[in-house]
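Hi everyone, thanks for coming. I'd like to walk you through a structure that may be new to most of you, so let's get it up on the screen.

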Amino acid sequence: MFSLRLLFSVLMLLGIVLTVTFSSVLSSRDAMHEVEEIFDAQMVQTAKMLEQFYVNQLTEKQLAQLVIRPILFHVDDSNIETFADQANPISLSYEHKLSFQLLSITGQLLAYSDSSGEQTLTQFTQGYDTRNINGYLWHVYSYFSAAHQVWIVTAQRHDVRQELVSLIVSNTWRTPLIITPIMMFFMLLFIYYLFKPLKLLERHLDKRPAQDLTPINFTLPTELASVQKALNSYLLRIADTIVRERRFSADAAHELKTPLAIIKLHSDGLNDVLLAQHQDVQQITQPYSNAIGEGVNRINHTVEQLLLLSRVDAIEALNRSDCKLQNSIDNVINQLLHLIADYEWHIDIPLDMTINADPFYLELVLKNIIENACKYSPVESLITIRASKQGAQTLIEVIDQGRGMSNDEISLAKNRFYRVDENTSQGAGLGLSICQHIISLHNGELHFTRVESHGLNVSIVV
């Protein structure tokens, strides 16, 4: 099972990250392209300015002299290496990383800056090019002035562009890297707030008693209102089904009591008549008479369980009081005198121990559990009943030495109409279900634990 909130959060965060990343990549690519265009345009502009303000002013005689003795333009090293370094009007940033050359049509230097030295920058082809000079990569623009038959070359070191691109890219990524975690935090907070009604609904349903089938009245968002409506409709249908089931069980049990009483009466009368008959007739009819009696008793027990179940299901409030546990155990044992004589007993109940419970229903639970211990234990085996305090709660344990129960049987034991052995077990499988319901009304717990050697430990925590 997946978490809708987690999936929604992951998808939202993934969408933010992908959007920011994609946007930053596009911005970086566009910035690099624009930087290249700006610097290329700058070199073109510089070359045309040199032609306009310098080459156009030279006479043929001056050009002839420049061929013999080229002019060197010296640029002092300002030690300004990056855009972060402070420049001033005299020492400009990157001045020593820019260069220009004027060459005659035959390739002789006429004028040049010492940034790149005397090595010819151009390959005498108009346009853009790159050259490696003195270990540095230079971007070169070559322009031929046809009017003066002079090559004008402007150049720029690659690291100028590279650093500017790096600055732009870092600025492009820095802001998203700062903003994205903040956006993620507020997005997670927003998602938590959006799903808070669901968590409240979950906690409400989790804490609801099993018998509480009343409609849910929560103020929920529009999208969840329909879910609440569907849940309420479902709860009403379940409640209606349970009411009909309880009514059927109660009505069926009541309807069966009278016929069973009549059958029992006639069965007893038939036994009296058979006692007056010849011994041979008694021997023939006795098995049938006994079978009728056993069947009537079994059905009568089932009817009593159904009536008790109907009564327990209808309980709205318990008459709880502080009662002595020893007295409750004694009352139960007195009701089971016909069973307890066949077993050994070890009862360890402090005389002054009290328990806050409904005495009638507490004895009903204890009777059912002790009766089961006798039913599923070998004759003359030991049955232990003990109790102890665990903080504010009381632990009551009934431990037998019978066949015990498997883990699968334990998981199903509290279900209605479940019997451990369908073929040999008597009863309708309602006893433990009734016990569980009564204990839950006391806000307690009923547990079954396998004893390592053999047997079962049935514990009640109230």
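Let's start with helix α3, residues 158-207, which lies across β5 and β6 and runs at about 45 degrees to β6. Before I go on, please keep in mind that this is a predicted model. Part of α3 also has an annotation: an unreviewed UniProt entry lists residues 177-195 as "transmembrane region". In the model, that span is 100% helix and 0% strand, and its end C-alpha atoms lie 27 Å apart.

Now, what is the sheet that α3 lies across? Its 6 strands form an open sheet with mixed pairing, in the order β1-β3-β2-β6-β5-β4. At the edges you'll find β1, residues 71-73, and β4, residues 127-133, each pairing on one side only. On average, neighbouring strands here are turned by 20 degrees against each other, ignoring direction. If you haven't looked at sheets for a while, strands pair through backbone hydrogen bonds, in either a parallel or an antiparallel way.

Let's zoom in on one of those pairs. β4 and β5, the latter covering residues 136-145, run antiparallel and are joined by 7 bridges. If you want a place to click, try R131, whose bridge partner in β5 is W138. Another helix packs on this sheet too: α2, residues 60-68, touches β1, β3 (109-113) and β6 (150-157). The direction of α2 makes about 70 degrees with that of β3.

Moving further along the chain, we come to a second sheet. Which strands sit at its edges? They are β8, residues 344-348, and β12, residues 445-450, and each pairs on one side only. The full order of this open sheet is β8-β10-β11-β13-β12, so to speak a row of 5 strands, again with mixed pairing. Neighbouring strands of this sheet are turned by 15 degrees against each other on average, direction ignored.

Here, too, there is a pair to look at closely. β12 is joined by 6 bridges to β13, residues 456-461, and the two run antiparallel. Within that pair, T449 stands opposite N457 in β13. Helix α10 lies across β12 and β13, at about 135 degrees to β12.

That brings us to how the helices meet one another. α10, residues 431-441, has a partner in α8, residues 359-375: their axes come within 10 Å and cross at roughly 145 degrees. The crossing is left-handed. On the α8 side, the residues involved are Y361, L364, V365, N368 and N372, and they meet G431, L432, C435, I438 and I439 in α10. By class, that contact has 7 nonpolar, 3 polar and no charged residues.

α8 also meets α6, residues 325-335. Those two axes come within 9 Å and cross at roughly 55 degrees, and α6 and α8 are therefore oblique to each other. This crossing is right-handed. From α6, we have L325, S328, I329, N331, V332 and Q335, which meet L362, E363, L366, K367 and I370 in α8. What classes do these residues fall into? The contact of α6 with α8 divides into 6 nonpolar, 3 polar and 2 charged residues.

So if you take one helix away from today, take α8: it meets α10 through residues including L364, and α6 through residues including L366. Thanks for listening, and do have a look around the model yourselves!

Conventions
Residues numbered from 1 in each chain as written. Predicted model: local features only at pLDDT ≥ 70, side-chain atom pairs only at ≥ 80, totals over all residues. Heavy atoms only, no water. Axes fitted to C-alpha atoms, helices over the stretch in contact; angles between N-to-C directions. Helix = DSSP H or I, 4+ residues; strand = E, 2+ residues; numbered from the N terminus. Left-handed = near helix turned anticlockwise from the far one by under 90°. Contact = heavy atoms within 4.5 Å. Nonpolar A, V, L, I, M, F, W, Y, C, P; charged D, E, K, R; others polar. UniProt positions renumbered as here; feature names shortened; annotations may be inferred. Pairing = 2+ DSSP bridges. Parallel < 35°, antiparallel > 145°, perpendicular 65-115°, else oblique.
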